[in-house]
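Work through the exercises below with the sequence and the model open. Try each task before reading its solution.

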Amino acid sequence: MATKDTPPRWDRRMQQRLARGEAAALGEFYDRFASLVHSLAHRVLDDDEAADQVTREVFGYIWENPDAYDPKQGNMRAWVARLAQRQAVHRLRQAEALAFAESGEGTAEELEQKVRRASVAARADYIVTSMPTPLRQALELAYFQRRDYRQTAADLGVTEDEARRRLRLGLQLLSTANTRPLEGSPPGGGGYGRTP
């Protein structure tokens, strides 16, 4: 997962290029965000083939609907992450409902619990993905590299107070993953339309 933020100017130019139908723009956009989309989808679905399908659907949707991006709602990276997690949760809900209907095993409540757990995990991934780079870097150092706030401060070249502040804010954002569940279906209530 890339930690480089996309500047707002890049977002505006990319949206304009996609709206003009520039295939090269879609290629550049795909190169920048495909691994993000695939990893978020895989986190929800735990299936490479299904994550590949979600990736195709998300980029197909973006190609057909570049004007759906609203810069007031965040940067393009956050928009793409939101589309990916919504579509992945939608696919999980469909797959689990079909499996439930075919096998008759389990209950509707168990199905919803499974979808809810995947939704919370996807929301946590989305929150980390879309949070400002300084907060994300602090959390990644603390979590993946097991750094305390002093080591995090040294690694980031900030004061210890600033490292604690970043970690606290990042954790506060992350704590909302369980309180605000994801929407389980993509915009429009169905799929994203045709896939490329």
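**Exercise 1: Two helices that cross**

Helix 1 passes helix 2 in a left-handed crossing. The model is a predicted one.

Task: Find which residues make the contact of helix 1 with helix 2, and sort them by class.

Solution.
- Step 1. On the side of helix 1, the contact is made by W10, M14, R17 and L18.
- Step 2. On the side of helix 2, the residues are A24, A25, L26, E28, F29, R32 and F33.
- Step 3. Sorted by class, the contact has eight nonpolar, no polar and three charged residues.

Task: State how helix 1 and helix 2 are oriented to each other.

Solution.
- Step 1. Helix 1 covers residues 8-19 and helix 2 covers residues 23-45.
- Step 2. Their axes come within 8 Å and cross at roughly 135°.
- Step 3. An angle over 145 degrees would count as roughly antiparallel, and one of 65 to 115 as roughly perpendicular.
- Step 4. The two helices, helix 1 and helix 2, are therefore oblique to each other.

**Exercise 2: A second pair**

Task: Describe the orientation, handedness and contact of helix 4 and helix 5.

Solution.
- Step 1. The axes of helix 4 (residues 76-103) and helix 5 (residues 108-130) come within 10 Å, crossing at roughly 165°.
- Step 2. The cut-off for roughly antiparallel is an angle over 145 degrees.
- Step 3. Helix 4 and helix 5 are therefore roughly antiparallel to each other.
- Step 4. Their crossing is right-handed.
- Step 5. Helix 4 contributes residues including R77, A81, Q85, V89 and F100, and helix 5 contributes residues including L111, E112, A118 and Y126.
- Step 6. By class, this contact has 12 nonpolar, four polar and six charged residues.

**Exercise 3: A loop residue**

Task: Is R146 buried or exposed? Say where R146 lies and which residues R146 touches.

Solution.
- Step 1. R146 sits in the loop between helix 6 (133-144) and helix 7 (149-156).
- Step 2. The relative accessibility of R146 is 70%, so R146 counts as exposed; the cut-off is over 50%.
- Step 3. Not counting residues up to four places away in sequence, R146 touches L141 and Q151.

**Exercise 4: The whole chain**

Task: How many helices and strands does the chain have, and what share of its residues is buried?

Solution.
- Step 1. The chain has eight helices and zero strands.
- Step 2. Of the 196 residues in the chain, 39% are buried.
- Step 3. The chain exposes about 10,800 Å², and carbon and sulfur atoms supply 49% of that area.
- Step 4. Among contacts with a separation of 6 or more, 68% join residues 24 or more positions apart.

Notes:
Residues numbered from 1 in each chain as written. Predicted model: local features only at pLDDT ≥ 70, side-chain atom pairs only at ≥ 80, totals over all residues. Heavy atoms only, no water. Axes fitted to C-alpha atoms, helices over the stretch in contact; angles between N-to-C directions. Helix = DSSP H or I, 4+ residues; strand = E, 2+ residues; numbered from the N terminus. Parallel < 35°, antiparallel > 145°, perpendicular 65-115°, else oblique. Left-handed = near helix turned anticlockwise from the far one by under 90°. Contact = heavy atoms within 4.5 Å. Nonpolar A, V, L, I, M, F, W, Y, C, P; charged D, E, K, R; others polar. Buried < 20%, exposed > 50% of the residue type's maximum accessible area, 1.4 Å probe, protein only. Areas by Shrake-Rupley, 256 points an atom, 1.4 Å probe, with all protein chains shown as cover.
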